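Me: Can you walk me through this one? Keep it quick.

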2 protein chains.
Amino acid sequence: MQPARFFVPDLPDGGKILIKGDEAHHMVRVRRLRPGDLMVFFDGRGRQSEARVEKFGKVGVFLEILHTRRGSPELAVSITLATAIAKGSRMDFLLEKAAELGVGRIVPLLAQRGMVQGSGEHYLRRLREACKQCGRNIVPDLTAPAPVGEVAGMIGESDLALLFDPGPDARPLMEVLRSNPGAKSIFALVGPEGGFTEKEREHLRSAGAVPARVSPAVLRVETAAIAAVAAVAAVFENEAAKQTR
Amino acid sequence: MQPARFFVPDLPDGGKILIKGDEAHHMVRVRRLRPGDLMVFFDGRGRQSEARVEKFGKVGVFLEILHTRRGSPELAVSITLATAIAKGSRMDFLLEKAAELGVGRIVPLLAQRGMVQGSGEHYLRRLREACKQCGRNIVPDLTAPAPVGEVAGMIGESDLALLFDPGPDARPLMEVLRSNPGAKSIFALVGPEGGFTEKEREHLRSAGAVPARVSPAVLRVETAAIAAVAAVAAVFENEAAKQTR
């Protein structure tokens, strides 16, 4: 059985540490760790330490860090997901799946026909929980929610921007990716349930976003986001495999 | 706004009908339809009718069918998803996303390290709800839960069987699909959280399943299933687009 994983943002490379608060509570009450048990910490920026429980105190859990390494199972592509907000637990699911599938950055997109964002702290917790579970040591960056105009200004940072919004001019994702063989960073835009407004769409397109689709069906926000990330990840997983041969 | 969609398995092509039970309750209490309102029925096997509310009675809702057509937004590939059971609401999500993304048949797979299936009736309801929402008029078939030995015997019905189970011999999905260009039906196998046992893996491999992966990470059951279906769908969406040019 894999040792339990915990998120601790500021870790020393070795020595003894004291963990307090939520993570300490989780160790004792949920994971039921005992003195001598091993565990893994990650700092969300690519560092992972193995540690052993020394003892429990009133103030928290005392641990000894055994060894620290850097690394995380990451995609060969950097994906920014700028997505409209999905409703309630659907947004939680979206965030969890985006983290598991390797998204590097999430931009909650405030579209005119979309939902208002929930708590950023809650979103961040979902991302960290997903990374605990799936073994990623890098937690996706979460930006402040941004309106379409602001998001359009971020598109240029990536090699290729994809606009997942149902429309007659959307080309199959695979075809778009094949037409842009050098792209190493992808900016994926997912619109709200009712679609982007014509003005928003024009704004994003003139900033360079290419309309793309992964399915002939009209998908929910979270389905479109997860499917887009999964398909992009699968293509680059193949590229990475080719290069290591 | 799109008219509300309702699932009714046995529909006449025209005339007046009486809807009772859950769907009638849903029309009145949840969708708050009124006499004169339009709605859409689908039978789950590719038939869709537009109807108008005539009146509400004690026994149910009286409707007039205006016109009926056949058709459904389906993928250019037939996907069977034989998946281990995901935990609680994660299985609901898996089923919903599989239906939205166009899976044709779902086989709940009883793996040795996996979970026991929940209620088949509940699963079917999830699939129907997803089709209501996404506009598919065909509800995926749901088979009885089947152990690995039985599932291995079903593999031969498809052109290509993919085994999504983390292992050193898994090749990138895109590469496997490219090596099998004629495949028009895909059998996607997704193992439980702890993976298939060596014996199960051998059983599935000797039945012809090819180990494949969509991500470098170890994914949860529902993440692997959704990602696999999304990536396969994206590839065939591209194939379909090429053929209509």
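What follows is a short chat about the fold and the chain contact.

Reply: Ground rules first. This is a predicted model, where local features need pLDDT of at least 70, side-chain atom pairs count only at pLDDT 80 or more, and totals for chains, interfaces and linings use all residues. Residues are numbered from 1 along each chain as its sequence is written, and chains are lettered from A and ligands numbered from 1 in the order in which they are written.

Me: How many helices and strands in chain A?
Reply: Seven helices and 13 strands. Those are DSSP runs numbered from the N terminus: H or I, at least four residues, for helices, and E, at least two, for strands.

Me: What box do the C-alpha atoms of chain A fill?
Reply: Roughly 60 × 45 × 30 Å, along the principal axes.

Me: And α7(A), mostly covered or mostly bare?
Reply: Covered: 18 of its 23 residues are buried. Buried means 20 or more other C-beta atoms, placed from the backbone, within 10 Å of the residue's own. Across the 245 residues of chain A, 41% are buried.

Me: What should helix α7 of chain A span?
Reply: 33 Å, at 1.5 Å a residue, and its end C-alpha atoms are 33 Å apart, so the two agree. The expected span is 1.5 Å times one less than the number of residues.

Me: Switching topic. How many residues does each chain give to the contact?
Reply: Chain B gives 33 residues and chain A gives 33 residues. Contact means C-beta atoms, placed from the backbone, within 7 Å.

Me: Which element gives the most on the chain B side?
Reply: α7(B), with 11 residues.

Notes: Two residues are in contact if their C-beta atoms, placed from the backbone, lie within 7 Å. A residue is buried if 20 or more other C-beta atoms lie within 10 Å of its own, exposed if 12 or fewer, and partly exposed in between; C-beta atoms are placed from the backbone.
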